[in-house]
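Trainee: I would like a close look at a single part of this model, followed by an account of how its surroundings are arranged. Please take the chosen residue as the starting point and work outward from there.

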Amino acid sequence: MNSITVFNNKGGVGKTTLLCNLAGFLAKTYGKKVLIVDADPQCNATTYLFSEQKIVEIYEGKHGSISDLFIPLAKGRGFHSGKLPKLKCPAFKLDVIPGDPKLALREDLLATDWQVAQNGDARGLQTTMVFLELLHRCKEYDLVFFDLGPSLGAINRAVLIASEFFVLPMSSDIFSLQAIENIGISLKHWKKALNAGLQRHTDEHDEEFNIDGEAVDWKLQFLGYVTQQYTAKSVRGVRQPVSAYDRIIKKIPGTIKTKLIEAFSRDPDLAFELGQIPNLHSLIPLSQLGHVPIFSLKGEHGVVGAHFAKVRESEELFRSIADAFLQNLENLK
């Protein structure tokens, strides 16, 4: 099992759309066993993946959510030991742990316990590792994807600390470039603080902090990035970004190299650009309204005329991204 977080602390970069369609492609086309964990209190992945009726059932209390994991922790009773609140999503052929707006209320718990975790406190480390403990119970999956909100807050920190890899969706604007620097600074700080807390725990208790007998350490690596939402033109039959976007896109590799690859990748020579997704216009809302992957859209979902060619094009886009994703994953293991 490999755990991957799709993350950018800048909003509006198409993060959830990329995650759901990449995960769905890997599940539907390549037969991977996939779990999506919606750790965004805005629940965008959950609302994308499920119908309105199913959403009502979830939030009327007929099914659990990600928030359930924190109930025993908040009471000082340790990790959640009950059945994980997973749902099947037939349209994407994967499983989902639904998000919950109540997860936002756990930000303070995670932030407070992070402070003492850095001093080696066992309770603080336990709370900080809530998502790592979750992953220990998901080993039947090939891939576990986390969806996050756009922040560098305590929830996202806990998810990233637990994950093995992260993928960065980028929009073609100057603010995404600035976000890369913020992410690099935060990750370096978190890694240093976590390692200090784990060492202090070992020194004080004469044993390593562990989950299910496995010692905890920092594993997070940068897997790659996808540039999205640019306007393309055709030059001699080849689609290219228009010049305004192209100038920004050309700055992305150098910024990512110095801020993320050099610090958070075992193999800095990999091809970290997983792909580019131009503006897919009306296909995205059709996909969201139909609760199906973009590459699976049909006439029954509102696709007409030239849109069918766009659907076929999107399938090839996600195939290319999925292939690059799997190649980097294999090389970084």
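Trainee: Does Thr46 count as buried or exposed, and what is its relative accessibility?

Mentor: The model is a predicted one, and the description below should be read in that light. Thr46 counts as buried, because its relative accessibility is 0%, under the 20% limit for that class. The residue is found in helix α2. Leaving aside residues up to four places away in sequence, Thr46 touches Asp38, Ile55, Ile58, Tyr59, Pro98 and Gly99.

One of these contacts leads to the largest pocket, since Ile55 is among the residues that line that pocket. The lining also includes Asn44, Thr47 and Tyr48, together with Phe50, Ser51 and Glu52. Thr16, Thr17, Gln288, Leu289 and His291 complete the lining. The space in this pocket comes to about 170 Å³. Four helices each supply at least two lining residues: α1 (15–28), α2 (44–49), α3 (52–62) and α12 (283–290). Of the contributors, α2 gives the most, with 3 residues. Thus the helix that holds Thr46 is also the leading contributor to the lining of the largest pocket. By class, the lining has 7 polar, 4 nonpolar and 1 charged residues.

Enclosed space may be treated next. Rolling a probe the size of a water molecule over the atoms shows where empty space is left. A search of the whole structure finds 1 cavity of 30 Å³ or more, and the largest cavity has a volume of about 60 Å³. Its lining consists of Leu132, His136, Ile161, Ala162, Glu214, Ala215, Val216, Asp217 and Lys219. Helix α7 (130–136), helix α8 and strand β8 (214–215) each supply at least two of these residues. In this lining, 5 residues are nonpolar, 1 is polar and 3 are charged.

Helix α8 deserves attention in its own right. It is mostly covered, with 9 of its 9 residues buried. The buried residues include Ile161 and Ala162, which also belong to the lining of the largest cavity. Asn156 and Arg157 are likewise among the buried residues of α8.

Part of the surroundings of α8 is helix α5. The axes of α5 (residues 107–117) and α8 (residues 154–162) come within 8 Å and cross at roughly 65 degrees. On the α5 side, the contact is made by Glu107, Leu110, Ala111 and Trp114; on the α8 side, by Ala154, Ile155, Arg157, Ala158 and Ile161. The residues of this contact divide into 7 nonpolar, no polar and 2 charged. Ile161 therefore has two roles in this description, as it meets α5 and lines the largest cavity, and it is buried because its relative accessible area is under 20%. As for spacing, an α-helix has 3.6 residues a turn, so residues three or four places apart point the same way.

Charged pairs form the last topic. Side chains of opposite charge can pair when their charged atoms come close. The count for the structure comes to 12 salt bridges. One of them involves helix α5: Arg123 pairs with Asp113, and the closest N and O atoms are 3.1 Å apart. Because Arg123 lies in helix α6 (residues 122–128) and Asp113 in helix α5, the pair ties together parts that are 10 residues apart in sequence. The partners fall in separate accessibility classes: Asp113 counts as buried at 8% relative accessibility, whereas Arg123 counts as partly exposed at 34%.

Another salt bridge joins Asp100 to Lys102, with the closest N and O atoms 3.0 Å apart. Here Asp100 is buried, with a relative accessible area of 4%, while Lys102 is partly exposed at 46% relative accessibility. Glu262 forms a salt bridge with Lys257, the closest N and O atoms being 3.1 Å apart, and Lys257 counts as partly exposed at 43% relative accessibility. In addition, a network of salt bridges links Glu315, Glu316 and Arg319.

Finally, Ser320 lies in helix α13 (residues 307–332). At 43% relative accessibility, Ser320 counts as partly exposed, in contrast to Thr46, which counts as buried at 0%. The C-alpha atoms of Ser320 and Gln276 are separated by 9.5 Å, although the two residues are 44 residues apart along the chain.

Key: Residues numbered from 1 in each chain as written. Predicted model: local features only at pLDDT ≥ 70, side-chain atom pairs only at ≥ 80, totals over all residues. Heavy atoms only, no water. 1 Å grid on protein atoms, 1.4 Å probe; cavity = no way out; pocket = protein on both sides within 12 Å on 5 of 7 lines; lining within 4 Å. Points joined across faces, edges and corners; volume = space filled by probe spheres on them. Nonpolar A, V, L, I, M, F, W, Y, C, P; charged D, E, K, R; others polar. Axes fitted to C-alpha atoms, helices over the stretch in contact; angles between N-to-C directions. Contact = heavy atoms within 4.5 Å. Buried < 20%, exposed > 50% of the residue type's maximum accessible area, 1.4 Å probe, protein only. Salt bridge = Lys/Arg side-chain N within 4 Å of Asp/Glu carboxyl O.
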